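Subject: Model for your files

Hello,

Here is the structure I promised to pass on. My notes on it follow below.

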Amino acid sequence: MAKRIGMEVSIAAAEAVKQADVDVVAAYPITPQTHIVEKLSEFAADGQLDGEYVTVESEHSAMSVCIGSQASGARTFTSTSSQGLALMSELVPIVSALRLPLVMLLVNRSLSGPLSIWNDHSDVMSIRDSGCIQLFVKNGQEVYDHVFIGYRIAEKENVLLPVIINMDGFILSHTFEPVEIMTPDELKGYLPPYQPKYTLHPDHPLTMGAYATPALYTEAKKAHDEVLKASYPSILEAWNSWGKRTGRHYRPVEELFCQDADTIIVSMGSLSETAAEAVKLMRDQGEKVGLLELRLWRPFPFEEFSRAAAGAQRLIVMDRAVSSGGPGGPVASEIRSALYGINNPPRVDSYIIGLGGRNVTIQDFVEMVEKTEAESALSPVTGSTYEIFGAREHH
Amino acid sequence: MSDANVYAVKTLTSKEYFAPGHRACSGCGQAVAVRMVQKALGRNIVMASATGCMEVVSSPFPQSSWEVPWIHVAFENAAAVASGIEAGLKAQRRKGKIDGRKITVVAMAGDGGTADIGLQALSGALERGHDFLYVCYDNEAYMNTGVQRSSATPFGAVTTTSPAGRVNSGQLTWKKNMMRITAAHDIPYAATASPSHPLDLVEKVKKGMETEGPAYLHVLSPCPPGWGIAAEDSIQLARLAVETGIFPLYEIDKGKHRITMNLEKLVPVKQYLKKQGRFRRLSPEMMEEIQERVCKEWQELREKAEQIDPSAGADEALSKEQEGETEAAKIFRVKAGAPV
């Protein structure tokens with residue numbers, strides 16, 4: 001039987017990587033990812049992780065080592081945060097274009113400057129268009145589960161794309177939660193040994209990473225875009241199969257009281273747990289409020305999202321990053337696109353919150369809902385309307 | 001000077017692992033060197049290449065000159081990609097996922113990808129002790145992007161970013177010494193090589209392959225358009241670089257220095273410099289400065305290799321013959337079928 005154990009979420013993550021029989025880990029320490037890689041180093045030193053732990057000198061080399069390792073046919077893992085992701089970001093679109101199915105735990109942290117070690121989503125938004133599958137999880141169990149789910153999706157022969165699992169820094173990574181750790185028997189068969197079709201080996205010489213002339217670059221990009229979109233059923237399959245095995249079911253879009261809601265809060269990551277509490281509170285007070293949690297970020301679940309949101313009058317979209325000089329929040333702008341052209345689309349209000357580790361409370365959600373409901377009768381929104389919520393005016 | 005060196009290429013396998021049809025410029029010293037290195041490496045290898053001339057001339061999709069497994073990822077990370085390949089193969093071997101035979105992992109990059117932008121990744125890989133051979137093909141500037149200076153560009157050389165200006169002319173700094181930098185990592189093997197000395201080059205590649213742990217090979221690669229030389233002169237220039245002491249052939253084997261191509265007397269640097277367009281604007285003072293430095297460094301190298309008494313004067317090494325082609329260079333031209 002699987003055991004529910006109270007543990008730090010980072011340790012649960014490392015436990016999953018070990019159980020996933022990863023061959024190579026390459027990572028560079030950065031707050032708040034460190035506890036994951038420290039634990040993996042311990043596992044390697046104790047012989048519990050039967051693999052190579054490469055202690056690289058930078059995140060750029062971390063991803064480079066991962067690319068080399070994965071190309072040689074080894075199941076590979078890395079983890080980083082913030083500046084680390086920024087430093088390796090040159091290689092993120094390359095690893096996906098090379099169709100190398102590694103899994104990365106991105107422990108979300110704000111991008112400098114000013115320097116901040118605390119949580120928001122500005123790091124992942126910088127690689128939004130990198131052609132990787134990108135997911136958000138909201139608690140320790142989801143982190144643990146998604147390491148296995150991530151590899152199952154990534155390694156499918158018709159997918160072969162990196163999977164980036166976003167987990168909020170500190171809020172998740174450093175929190176103790178009860179996590180159900182699976183036994184080897186329970187895991188058996190979910191993640192078969194990685195058997196890549198194309199590897200770097202003298203028995204079958206091949207060239208990886210050839211360059212494209214203008215006659216071929218567009219086609220390469222189109223093929224990549226198509227395979228990312230076509231990965232959607234494989235993602236559903238991996239979740240369904242996991243659900244059958246564990247009773248923990250995941251969807252691209254998770255709904256709470258959405259069916260009859262006038263106002264729906266849209267959020268990603270650990271914020272969804274607080275938002276759920278706020279929604280339950282408002283429901284108790286008779287307000288028709290719902291929560292729509294976006295779990296799958298790339299490929300964006302346009303259809304599922306539109307279906308879930310279509311009945312509402314208002315969407316209140318939470319963003320933990322700013323698209324400066326643009327449409328405000330990247331998630332809100334995505335959602336405005338997703339709803340464009342449907343009949344009687346809901347009004348979309350964009351709130352930027354929780355930057356650089358600023359706490360977001362239940363009361364904040366209540367305030368945003370009340371404010372939006374009051375304003376929606378008075379002022380229209382446009383594609384560029386947004387508010388950086390809770391920012392103090394300077395004097 | 002043995003004539004055998006001139007014909008040594010013929011002693012190598014006739015199999016081409018760097019296949020013809022690539023798009024290197026005619027007379028490319030690097031392409032000649034790569035071809036020899038690949039012949040010495042054989043087929044039981046995996047290559048990681050940096051972005052650069054050789055990457056561009058060899059891999060326009062869907063064509064490839066590589067008859068061995070080869071990957072290109074980015075500019076500055078060949079050593080890190082090779083580290084990952086080595087770690088990946090090692091883990092899979094241990095876990096029985098692939099057979100137990102040793103596969104040599106090789107990284108290749110130019111001087112920019114090694115001495116400048118790739119220096120950190122190289123240092124990391126050497127320090128971690130991965131079992132791999134790193135080959136730097138040094139053409140002494142960013143040739144692929146149109147001859148911009150790198151930290152490996154020699155003093156006085158004109159490039160597009162060290163132009164011949166009214167105030168300053170050519171590269172103002174001295175060439176970064178990658179041999180000293182890599183040797184400072186206490187790696188088991190480091191060597192210089194030149195396509196003008198194929199036997200020496202092949203021997204060093206083999207030593208690098210056999211070395212357990214990191215090995216570093218620094219190969220001089222004359223570049224006709226970048227150096228302002230005729231295509232047919234590139235190997236002769238490589239030879240002159242060796243004979244003048246500008247690019248001495250030596251190795252550092254487990255910390256022990258050995259000069260692999262000993263020179264009784266150094267050919268004056270002028271003979272090397274004057275044949276190249278990039279040094280056309282060198283003043284006599286700069287030429288003199290280069291000569292002094294070459295003599296001094298040659299002296300230091302010989303001391304390290306214990307081939308000279310430390311009290312001997314540096315200028316004693318220089319040949320008194322100031323003009324005229326050296327014997328070795330003459331022989332080379334005759335063998336190559338060029339007019340005497």
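**A sheet that takes a strand from each chain**

In β7(B), the residue that bridges to A190(B) is I252(B). Helices (H or I, at least four residues) and strands (E, at least two) are DSSP runs, numbered from the N terminus. A190(B) belongs to β5 (residues 189-193) of chain B, which runs antiparallel to β7 (residues 250-253) of chain B and is joined to that strand by three bridges. Two strands count as paired if DSSP finds at least two bridges between them. Helix α8 (residues 198-210) of chain B packs on the sheet and touches β3 (104-110), β4 (132-138), β5, β6 (215-220) and β7 of chain B. The direction of α8(B) makes about 160° with that of β5(B); axes are lines fitted to C-alpha atoms, for helices over the stretch in contact, and angles run from 0 to 180 degrees between N-to-C directions.

The sheet is open, has nine strands with mixed pairing, and is ordered β9(A)-β2(B)-β1(B)-β3(B)-β4(B)-β6(B)-β5(B)-β7(B)-β8(B). Its edge strands, each paired on one side only, are β9 of chain A and β8 (256-259) of chain B.

This is a predicted model: local features need pLDDT of at least 70, side-chain atom pairs count only at pLDDT 80 or more, and totals for chains, interfaces and linings use all residues. Residues are numbered from 1 along each chain as its sequence is written, while chains are lettered from A and ligands numbered from 1 in the order in which they are written.

**Where the chains meet**

Strand β9 (residues 207-208) of chain A pairs with β2(B) in the parallel sense over two bridges. Within β2(B), I71(B) is the bridge partner of M208(A).

The contact (C-beta atoms, placed from the backbone, within 7 Å) takes 40 residues from chain B and 39 residues from chain A. On the side of chain B that touches chain A, the elements giving two or more residues are β1 (45-49), β2 (70-72), α4 (78-94) and α6 (119-128) of chain B. Of these, α4(B) gives the most, with twelve residues.

**Chain A and confidence**

Chain A has 14 helices and 16 strands. Its C-alpha trace spans about 70 × 55 × 50 Å along the principal axes.

The model scores ipTM 0.97 and pTM 0.95. For chain B the mean pLDDT (the predictor's confidence in each residue, from 0 to 100) is 92, and 90% of its residues reach 70 or more.

Regards

Key:
Contact = placed C-beta atoms within 7 Å.
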